[in-house]
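Thanks for sharing this one; here are my notes on how the fold fits together. Have the model open beside you as you read.

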Amino acid sequence: FVTGYYEPVLDGSKTQTEVYNVPVYRRPSNLFVRGKTQASVGLPNSGPVYRKIGRRKLVPYYDRAQIEDGAIAGRGLEIAWLKSQTDLLFAQIQGSARIKFEDGTTLRINYDAHNGYPYTPV
C-alpha cells in the first residue's frame with residue numbers, strides 16, 4: 001500500500017503589495033467552539049463555530065464570502081499574502097501549503113480552524 005500527499009508551494013510575500021494582495025489569516029481570537037478555549041491546540045473539523053458579540057452573545061462565525069469581502073481584514077491576522085484567491089483555495093483544500101518568499105525563506109501553513117459551514121467542493 002502506497003499513499004501520497006500533495007502540499008502546494010506558493011509564491012508569497014510577508015507584506016501586502018500590488019501583486020501579493022490575497023491575505024492568509026491566522027485563527028481569529030473571536031472564533032469560538034463550545035467546550036473549547038482559544039488556547040486549544042486544535043478545534044473539531046465540524047460543528048457550529050461562533051463569534052462573540054459583547055460579553056455573552058454568540059452568533060455564527062462569518063462565512064467564506066464575508067471573510068473574502070473583508071469581515072476580518074485589518075485586525076492584524078494576516079500572516080502572509082498570496083497572488084490569487086486560487087492559490088489560497090488550493091492551500092485551504094489541501095489543509096496545508098508552503099509559502100516561498102522572495103528572500104528565499106519559506107513558511108509552512110496548515111489547517112487551524114473552520115468557520116462552521118459545510119465544505120462545498122469546487
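1. How many bridges join β3 to strand β4, and do they run parallel or antiparallel? Two bridges join β3 to β4 (residues 50-53), and the strands run antiparallel. One of the facing pairs is Leu-31 with Arg-51 in β4. Here strands (E, at least two residues) and helices (H or I, at least four) are DSSP runs numbered from the N terminus, and two strands pair if DSSP finds at least two bridges between them.

2. A word on the source before going on. This is a predicted model, in which local features need pLDDT of at least 70 and side-chain atom pairs count only at pLDDT 80 or more, while totals for chains, interfaces and linings use all residues. Residues are numbered from 1 along each chain as its sequence is written, and side-chain values use heavy atoms, with hydrogens and water left out.

3. Back to the small strands: β3, β4 and β5 form an open sheet in that order, with antiparallel pairing. β3 (31-32) and β5 (57-60) are the edge strands with a single partner each, so one side of each has no neighbour in the sheet.

4. The five-stranded sheet is also open, with the order β2-β6-β1-β7-β8 and mixed pairing. Its edges are β2 and β8 (106-110), each with a single partner strand, so one side of each is left without a neighbour in the sheet. From one strand to the next, the twist averages 45° (axes are lines fitted to C-alpha atoms, for helices over the stretch in contact, and angles run from 0 to 180 degrees between N-to-C directions). Within this sheet, β1 (residues 9-13) and β6 run antiparallel and are joined by two bridges, with Ser-13 standing opposite Trp-81 in β6.

5. What lies across these strands? Helix α2 lies across β1, β2, β6, β7 and β8, and runs at about 25° to β2. Contact means heavy atoms within 4.5 Å.

6. The largest nonpolar core has 11 residues, including Leu-10, Val-24, Leu-82, Leu-88 and Phe-101. By the rule used, a core is a set of buried Ala, Val, Leu, Ile, Met, Phe, Trp, Tyr and Cys residues joined through side-chain atoms within 4.5 Å; buried means under 20% relative accessible area, exposed over 50%, and partly exposed in between (1.4 Å probe, protein chains only). β2 (22-25), β6 (78-82), α2 (85-94) and β7 (96-101) each supply at least two of its residues, and β7 gives the most, with three. Another core, of seven residues, lies apart from it, with Val-33, Val-49, Ile-72 and Leu-77 among them.

7. Now the charged pairs. The count comes to four salt bridges, each a side-chain nitrogen of Lys or Arg within 4 Å of a carboxyl oxygen of Asp or Glu. Glu-7 pairs with Arg-98, the closest N and O atoms being 2.6 Å apart; Glu-7 is in the segment before β1 and Arg-98 in strand β7, 91 residues apart. Glu-7 also meets Arg-108 in a salt bridge (2.8 Å, N to O). Arg-108 lies in strand β8, so this pair ties together parts that are 101 residues apart in sequence.

8. Which of these partners is buried or exposed? Glu-7 is buried, at 17% relative accessible area, whereas Arg-98 is partly exposed at 36% and Arg-108 is partly exposed at 44%.
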